[in-house]
Amino acid sequence: RTPEDAHGMKICRPRGYFTHDLEVMGLVPPAVVRVAGDSPKDCFERLASGEVDLVTVNADTSDNMITELDLRDKVAEVINLATVQTLHAVGMRSNPRTRILLLRLNKGLIGLRDDATFRTLAAKHLSN
């Protein structure tokens with residue numbers, strides 16, 4: 001129900017992935033044992049073998065690994081630990097098209113927001 005419920009558990013996050021979301025929730029040693037898997041697949045294989053208690057990756061990666069490793073009936077999502085992360089698009093100043101590309105990207109995002117597409121997608125994603 002809460003991040004504190006994960007205290008004492010082993011959490012696998014693939015090596016190189018950010019961990020600031022876990023840190024904000026207090027899921028840091030010594031409260032938890034963090035395991036750096038070689039890949040998302042490695043983390044899910046460790047989960048299936050009982051070596052770790054939780055795997056934390058994005059929802060799409062999770063769905064792909066659960067399907068690939070046929071774990072659908074063996075694992076469950078802990079929705080209370082889900083977070084929303086922001087992404088930032090940057091371009092090289094030396095590229096004369098950067099300004100145009102970023103403006104086009106921003107225009108598309110504004111369109112998704114204005115016609116409620118973004119809200120619909122986010123609600124669908126979070127409900128899964």
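Let us begin with a cysteine: C12 is buried, with a relative accessible area of 0%. Keep in mind along the way that this is a predicted model. C12 has a partner, C43, which is buried as well, again with a relative accessible area of 0%. Both count as buried because that word stands for a relative accessible area under 20%.

What do C12 and C43 form? They form a disulfide, with their sulfur atoms 2.1 Å apart. A disulfide is a covalent bond between the sulfur atoms of two cysteines. The structure holds one such disulfide. Since C12 sits in strand β1 and C43 in helix α2 (residues 40–49), the pair ties together parts that are 31 residues apart in sequence. The link also has a handedness: the torsion about the S-S bond of C12 and C43 is about -65 degrees, so this disulfide is left-handed.

From C12 we can step out to the sheet. Strand β1 belongs to an open sheet of three strands, whose order is β2-β1-β3 and whose pairing is parallel. At the edges are β2 (33–37) and β3 (54–55), and each of these pairs on one side only. If you follow β1 and β2, you will find them paired in the parallel sense over five bridges. A good place to look is K10, which stands opposite V33 in β2.

Now move back along the chain to the segment before β1 (10–14), where D5 lies. Is D5 buried or exposed? The answer falls between the two: D5 is partly exposed, because its relative accessible area is 45%, and partly exposed covers the range between under 20% and over 50%. From D5 you can also look across to L27: the two are 22 residues apart in sequence, and their C-alpha atoms are 10.0 Å apart in space.

The last stop is on the surface. Here L105, L109, L112 and F118 make a nonpolar patch of about 360 Å². Which helix gives the most to this nonpolar patch? That is helix α4 (residues 98–114), with three residues. F118, for its part, is found in helix α5 (residues 117–127). With a relative accessible area of 53%, F118 is exposed, because exposed means over 50%.

To retrace the walk, we started at C12, which is buried, followed its disulfide to C43, looked along the sheet with the order β2-β1-β3, and ended at the nonpolar surface patch that includes F118.

Technical notes
Residues are numbered from 1 along each chain as its sequence is written. This is a predicted model: local features need pLDDT of at least 70, side-chain atom pairs count only at pLDDT 80 or more; totals for chains, interfaces and linings use all residues. Side-chain values use heavy atoms; hydrogens and water are left out. Patches are made of residues with over 30% relative accessible area and no salt bridge: like charges are joined within 9 Å, nonpolar side chains (Val, Leu, Ile, Met, Phe, Trp, Tyr) within 5 Å. Accessible areas come from the Shrake-Rupley method with a 1.4 Å probe; for residues, only the protein chains shown count as cover. A salt bridge is a side-chain nitrogen of Lys or Arg within 4 Å of a carboxyl oxygen of Asp or Glu. Helices (H or I, at least four residues) and strands (E, at least two) are DSSP runs, numbered from the N terminus. Buried means under 20% relative accessible area, exposed over 50%, partly exposed in between (1.4 Å probe, protein chains only). A disulfide is a pair of cysteine sulfur atoms within 2.5 Å. Two strands pair if DSSP finds at least two bridges between them.
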